[in-house]
Amino acid sequence: MSFFALTAPGGLSETHDLQESLTALQKFVKTASPVVLSALWHIALALVIFFVGRWLIDRFLSRVALLDNKTRIDPGVAKFVRSLVRVGLWALLIYIIADFLGVPTASFVALLGSVGVTVGLALQGSLSNFAGGLIIMFLHPFKTGDYIKTAAEIEGTVTEIGLFYTTLRMADNKIITIPNGSLSGGNITNYNVLPVRRLSTTVGIAYEADAGRAIELLTELIHSRKPLVNPEKALVYIKELGESSVVVGLHYWVKTADYWDEAWSINRAIKETLDANGIAIPFNQLDVHVIR
């Protein structure tokens, strides 16, 4: 007894196509598997290099921070150097990973150069501030903790020297941030760079007063001041013959740390000394004569 299987012609064609597709898929998998596995292996190793490199960078920077604390390096300079080292180490790590993954290093460097030029054109002002930061860091016109006055007549104590900006704390405890470009390009007066400063002030006495006696009293006053240093350089003299008074000038040297307290208290001491010895301090007055 014979059996016959009837199959439609279209069914044979579809079965053949399916078999060919499966065969092609098997060949692709066999061919691509080594490539995919190799790529995954390189990516995994790149991730390992990234995390290990990041850990090493953090450890190195923490050691550098501890070293800075044990030395006399200015905190602003130390922070700036750490920032440069961090940027350099991260750039080196990215370069190593790119080279490991087979990225052409020449193309990578060219790309970084192009990006650098583009960013430089877009951030000209910021680059000027960056260059100013470099000048301040390495020429040391001032350091953290110094009291300075800028070309724009801004005064304050330096609290931080950054890559792009310098921060000052003003006498009334306001914080002002100044771009390093303008700061390094103008005059800077540093009041703390030397250990002593000369304090100068004046006082007017009446023309009827004994100028010699006034000079003697003020000289004794200066030599009795505790902040005085280099007493042999102290000077009291007739500075000017004014319209309504004889102007007496005083010059003497004090420690920089004591300057402001002394500057704020000496005028009171001068007035009390002159008052106690009957030497008048004249003031401008207007006499009005009424004619009837």
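1. A residue is called buried here when its relative accessible area is under 20%, exposed when that area is over 50%, and partly exposed in between. This cut-off matters for R225, which has a relative accessible area of 19% and is therefore counted as buried. The model is a predicted one, and the points below should be read with that in mind.

2. On the overall architecture, the protein has seven helices and nine strands. Of its 292 residues, 27% are buried, and the protein exposes about 20,100 Å², with carbon and sulfur atoms supplying 63% of that area. Taking the contacts between residues at least 6 apart in sequence, 62% join residues that are at least 24 apart.

3. The salt bridge between E262 and R225 deserves a careful look, with its closest N and O atoms 2.8 Å apart. The two residues come from distant parts of the chain, since E262 belongs to helix α7 (residues 259–276) while R225 sits in the loop between α6 (211–223) and β7, and 37 residues separate them. What is the relative accessible area of E262? It is 3%, so E262 is buried, and R225, at 19%, falls under the 20% cut-off and is therefore buried as well.

4. The structure holds seven salt bridges, and two others among them can be set beside the pair just described. D146 and K143 meet through their side chains at 3.3 Å, N to O; D146 has a relative accessibility of 5% and so counts as buried, whereas K143, at 40%, counts as partly exposed. K149 forms a salt bridge with E153, in which the closest N and O atoms are 3.8 Å apart, and E153 is exposed, with a relative accessible area of 57%.

5. Strand β9 (residues 246–255) has eight of its 10 residues buried, so the rest of the structure largely encloses this strand. Which strands pair with β9? Strand β6 (residues 196–205) runs antiparallel to β9 and is joined to it by 10 bridges, with R197 standing opposite V254. Strand β8 (residues 235–241) is also antiparallel to β9, through six bridges, and in this pairing the bridge partner of L235 is H251. Strand β7 (residues 228–229) pairs with β9 in the antiparallel sense over two bridges, and here V229 stands opposite W253.

6. The connection between β8 and β9 can be followed along the chain, as these two strands form a hairpin with four residues between them. When inspecting the strands, it helps to recall that in a regular strand the side chains alternate between the two faces of the sheet.

7. A further element is an open sheet of five strands, in the order β4-β3-β2-β1-β5, with antiparallel pairing. Its edge strands are β4 (175–179) and β5 (189–190), each of which pairs on one side only. At the β5 edge, strand β1 (residues 147–149) pairs with β5 in the antiparallel sense over two bridges, and the bridge partner of I148 in β5 is N190.

8. T167 gives a view of the same sheet from strand β3 (residues 165–169), in which this residue lies. Is T167 buried or exposed? With a relative accessibility of 14%, T167 counts as buried, because the cut-off for that class is under 20%. Setting aside neighbours within four places in sequence, T167 is in contact with T157, V158, T159 and E160, and also with I175, I176 and T177. Strand β4, as noted above, spans 175–179.

9. Finally, the surface carries a nonpolar patch of about 540 Å², made by L40, I43, L47, F51, L101 and V103. One of these residues, F51, has its place in helix α1 (residues 9–70). F51 has a relative accessible area of 44% and is therefore classed as partly exposed, in contrast to E262, which is buried at 3%.

Definitions and conventions
Residues numbered from 1 in each chain as written. Predicted model: local features only at pLDDT ≥ 70, side-chain atom pairs only at ≥ 80, totals over all residues. Heavy atoms only, no water. Buried < 20%, exposed > 50% of the residue type's maximum accessible area, 1.4 Å probe, protein only. Contact = heavy atoms within 4.5 Å. Areas by Shrake-Rupley, 256 points an atom, 1.4 Å probe, with all protein chains shown as cover. Pairing = 2+ DSSP bridges. Salt bridge = Lys/Arg side-chain N within 4 Å of Asp/Glu carboxyl O. Patch = residues over 30% accessible without salt bridge, like charges linked within 9 Å, V, L, I, M, F, W, Y side chains within 5 Å.
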